[in-house]
Amino acid sequence: MRYELTDMMKVVLPLLLAGAILWWMYRGFQWDEMWTVLQTDMSWTWMLLSFPFGISAQVFRALRWRQALAPLGERPRLGTCINAVFLSYFSSLIVPRVGEVLRCGVLNRYEGTNISRSVGTVVTERVVDMSMVFLFSLITMLTQIPVFMRFFRSTGVSMGSIMQTFTATGYLITALSLSLILLLIVFLLHRLNLFSHTKGAITGLMEGLTSVRHLEHPVLFMLNTVGIWLSYYLHFYITFYCFPFTENLGAIAALVAFVVGCFAVLVPTPNGAGPWHFAVKTVLVLYGVDAVSGALFALVVHTTQTLLVVVLGLYALLALAFTKRRSPIPSSAA
């Protein structure tokens, strides 16, 4: 009963948090105006052009993951890896972060891949990805400092006045989001400790964590990593051309919103719903977009991109239903 309650809270609490933030952001929203923008002012062509990059980001992730597994003697089929990644994103819409474990389970089921080793490679991937996020953050800070300084000098705006415009609710959401990120870290460490009770699990996990030291093509691994994050960025940046109030903001403004959004999705809500909307809208307002338009942009882009994740997840479920299971591949590392 205790575990059932815990599992239920993993689903309910993220949904409640996302719902509360979205309700606060869109209370009193003029939905009629939104439909007018969607029908007359928005370019759906640009939105469709962003979709291939959303797909390629996940395909690059599957390619990189398969490469990380190779030094361990695990050589799953590429198609299964891609479908596992598609399904991982889809499942995380229901229970945040569950997809990372689920995709390892998919490879174990269909390819006979050692699950502890694959979990180790996923952890390593996350370390590499966080390094990329921090690199994006550094580029953003270095390129935007002159812009912010010129803005402050020409308008007489001070940091104090900006902080005053940040409402009490905004502070509350930011504090709550940071607290939930810390709780997520504690939870993951706890689960990792439980997972590592057996000697075999610890050995497999450590093999997965250190697999990148034995890559056959480390340059290709880095190219796949760049491909993942460049695709993510283009998937987001191209949507700026969908709306008249964002089409002229430029690539750097999109980079700022992208980086802030990357940190926002660390909050354990389905696909970052709520915190991501709040973060992206805040950045757009900083660049001169009015609050209503910024909220509209965040809502439309997030909803559309989430629908793409759903479609890819449903495709993966169908494809895996027709995938023949394979016996584990013997290896000296087994």
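This tour moves through a surface patch, two aromatic pairs and a charge over a ring in a predicted model.

Begin with helix α6, which spans residues 115-155, and select Leu 138 within it. Leu 138 has a relative accessibility of 42% and therefore counts as partly exposed, since that class lies between the 20% and 50% limits. Now extend the selection to Leu 135, Ile 139, Met 141 and Leu 142: together with Leu 138 they form a nonpolar patch on the surface, whose joint accessible area is about 470 Å².

Turn next to the aromatic side chains, where the count of ring pairs is 18. For one of them, display Trp 229 and Tyr 232: their ring centres are 5.1 Å apart and their planes meet at 70°, so the pair is edge-to-face, an angle over 60 degrees being required. Both residues belong to helix α10 (residues 218-237), and because they are three residues apart, about one helical turn separates them. Trp 229 is buried, at 8% relative accessibility, and Tyr 232 is likewise buried, at 18%.

Then select Phe 236 and Phe 258, whose ring centres are 6.4 Å apart and whose planes form an angle of 35°, so this pair is classed as tilted. Here the contact links distant parts of the chain: Phe 236 lies in helix α10 and Phe 258 in helix α11 (residues 251-264), with their positions 22 residues apart in numbering. Phe 236 and Phe 258 are both buried.

Finish at Trp 65 and bring Arg 103 into view. Arg 103 lies over the face of the Trp 65 ring, 4.5 Å from the ring centre.

Notes. Residues are numbered from 1 along each chain as its sequence is written. This is a predicted model: local features need pLDDT of at least 70, side-chain atom pairs count only at pLDDT 80 or more; totals for chains, interfaces and linings use all residues. Side-chain values use heavy atoms; hydrogens and water are left out. Patches are made of residues with over 30% relative accessible area and no salt bridge: like charges are joined within 9 Å, nonpolar side chains (Val, Leu, Ile, Met, Phe, Trp, Tyr) within 5 Å. Accessible areas come from the Shrake-Rupley method with a 1.4 Å probe; for residues, only the protein chains shown count as cover. A salt bridge is a side-chain nitrogen of Lys or Arg within 4 Å of a carboxyl oxygen of Asp or Glu. Helices (H or I, at least four residues) and strands (E, at least two) are DSSP runs, numbered from the N terminus. Buried means under 20% relative accessible area, exposed over 50%, partly exposed in between (1.4 Å probe, protein chains only). Rings of Phe, Tyr and Trp (its six-membered ring) pair if their centres lie within 6.5 Å; planes under 30 degrees apart count as stacked, over 60 as edge-to-face and the rest as tilted. A charge sits over a ring if NZ of Lys or CZ of Arg is within 6 Å of the ring centre and within 35 degrees of the ring normal.
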